Amino acid sequence: MNLRELHRHLVVARRLDEEAIALQRQGVLPAYAPMKGQEAAQVGSAAALDPTRDFAFPTYRELGAAVALGVDLVGYLASHLGNWHGGLYDPMASRFAPFNAVVGGPVTHAVGWAMGARLDGTGGVALTYFGDGASSQGDVHEAMNFAGVYRLPVIFFCQHNGWAISVPSERQVAGGSVAARAEGYGITGRRIDGNDVAEVYEATREAVDRARDGGGPTVLEAMTYRLGPHSTSDDPGRYRPLAEERQRAQDDPLLRSARLIGDEEFLAEAESHAAKVVREVREGLLALGEQPGEEMFSFVYREPTRALLEQQRRWKESADAQ
Ligand SMILES: Cc1ncc(C[n+]2csc(CCOP(=O)(O)OP(=O)(O)O)c2C)c(N)n1
Ligand SMILES: [Mg+2]
């Protein structure tokens, strides 16, 4: 993918992120976790995957990765509607797992998937997203060690965005570097400029190729900054100075790629393309309507347990009584 294609994705991600905040303020989405500032890290890494055989494992903040992988964006944003479906896109077809709000959760899933890919020999590579805060979870260490021992085709993609809600990264990451930990697990680790979409894309491509060729896992630590709040319920003014946000906003990944491209006509076209996508996604989301309550029980187990059937019976009784 060239810089222009990547830039188009960056703009869609930025404008849709802004729209999602507006939708939350308008009461359509109960909550949303913005990713302003992290577009290059997400778009560059997801665009480096092969959507016919690789698989991405997102956290709750990966709209930019969904855009770059071509995930159905109405279905993706439906994840934030707070209904029991956890999103309405098809994870298998999209190669994008259901988003995961358990900090560090997607990391172990990706390693398990990579083990499966190794066993079935399809050549697929897993890429898991996680944050600087998640890097201090025990699960993440276990996952990296396991992947190192078995030399699994997995990329540990850390978005080091400076914060875990209100806790700065120096309070979470002893030693200051997530990439440096890779050495201890016998795997490749690299710190990259997470606001440079081309650098992220190239570094991820390299890691994907290595994993596919049997060269094992890679830790990529993309240095970036969360320009907005942790979520729509957060007020960063309570724990970090506005001056810091303003200063970091000067290194906006969209401004960087726009400057490099320098073609006003193309940049304006990218904006109008994004505006059209945003309009369509908004309309699609508003048209979804209520999902059938009965489905709350449909996707829990392949064969429902007795306890679940009992809950379903009681739910139906109270729903019918209303
Ligand atoms: C296991 C677990 N512990 C705590 C939380 C609460 N929590 C949600 S997001 C978050 C911070 C995560 O920070 P980081 O990994 O840096 O990701 P970021 O939000 O910056 O993208 C915490 C502690 C959770 N969701 N899951
Ligand atoms: Mg963080």
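This is a short walk through one protein chain, from its overall build down to a handful of single residues.

Hi everyone, and thanks for coming. Please keep in mind that what you see is a predicted model. Let's begin with the whole chain and then zoom in.

How many helices and strands does the chain have? Its secondary structure comes to 12 helices and 7 strands. The radius of gyration is 20 Å, close to the 20 Å that the globule rule gives for 322 residues, so the chain is as compact as a globular protein of that length. If you would like a box to picture, the C-alpha atoms fill one of roughly 60 × 50 × 40 Å along the principal axes.

Next, the inside and the outside. Of the 322 residues in the chain, 49% are buried. The chain exposes about 14900 Å², and carbon and sulfur atoms supply 51% of that area. As for contacts with a separation of 6 or more, 73% of them join residues 24 or more positions apart. And the charges: there are 33 positive and 44 negative ones, and their mean positions are 3 Å apart.

What does the record say? UniProt, in an unreviewed entry, places the feature "domain: Dehydrogenase E1 component" at residues 10-275. In the model, that span is 43% helix and 12% strand. The C-alpha atoms at its two ends lie 13 Å apart.

Now let's zoom in, starting with helix H6, which covers residues 105-120. Two of its residues are on my list. One is glycine 116, found in this helix, and the other is arginine 118, also in H6. Are they buried, exposed or partly exposed? Glycine 116 is partly exposed, because its relative accessible area of 29% falls between the 20% and 50% cut-offs. Arginine 118 is partly exposed as well, with a relative accessible area of 38%.

Both of these can be related to leucine 152. Glycine 116 is 36 residues from leucine 152 in sequence, and their C-alpha atoms are 9.5 Å apart in space. For arginine 118, the separation from leucine 152 is 34 residues along the chain and 7.0 Å between C-alpha atoms. Which residues does arginine 118 contact, leaving aside its neighbours within four places in sequence? They are Tyr150, Arg151, Leu152 and Pro153.

Let's step back along the chain to arginine 95, in the loop between helix H5, residues 91-94, and H6. Its phi is near 60°, a positive value in a residue other than glycine. Arginine 95 counts as buried, because its relative accessible area of 16% is under the 20% cut-off.

Isoleucine 165 also has a positive phi, about 50°, although it is not a glycine. You can find isoleucine 165 in the loop between strand S4, residues 163-164, and S5. With a relative accessible area of 43%, isoleucine 165 is partly exposed.

My last stop is the loop between strand S5, at 167-168, and strand S6, at 188-193. Glycine 184 sits in this loop, and so does alanine 179. Which of these is buried and which is exposed? Glycine 184 is exposed, at 68% relative accessibility, whereas alanine 179 is buried, with a relative accessible area of 8%.

What does alanine 179 touch, not counting residues up to four places away in sequence? The list is Gly189, Arg190, Arg191, Val219 and Glu221.

I also have a C-alpha distance for each of these two residues. Alanine 179 and valine 12 are 167 residues apart along the chain, with 29 Å between their C-alpha atoms. Glycine 184 and leucine 3 are 181 residues apart along the chain, with their C-alpha atoms separated by 34 Å.

If you keep one picture from today, let it be that S5 to S6 loop, with glycine 184 exposed and alanine 179 buried. Thanks for listening, and do have a look around the model yourselves!

Notes: Residues are numbered from 1 along each chain as its sequence is written. Chains are lettered from A and ligands numbered from 1 in the order in which they are written. This is a predicted model: local features need pLDDT of at least 70, side-chain atom pairs count only at pLDDT 80 or more; totals for chains, interfaces and linings use all residues. Side-chain values use heavy atoms; hydrogens and water are left out. Helices (H or I, at least four residues) and strands (E, at least two) are DSSP runs, numbered from the N terminus. The radius of gyration is taken over C-alpha atoms; the globule rule is 2.2 Å times the number of residues to the power 0.38. Buried means under 20% relative accessible area, exposed over 50%, partly exposed in between (1.4 Å probe, protein chains only). Contact means heavy atoms within 4.5 Å. Accessible areas come from the Shrake-Rupley method with a 1.4 Å probe; for residues, only the protein chains shown count as cover. Lys and Arg count as positive and Asp and Glu as negative; His and the chain ends are not counted. The place of a charge is taken as NZ of Lys, CZ of Arg, CG of Asp or CD of Glu. UniProt positions are given in the numbering used here, feature names are shortened, and annotations may be inferred rather than shown by experiment.
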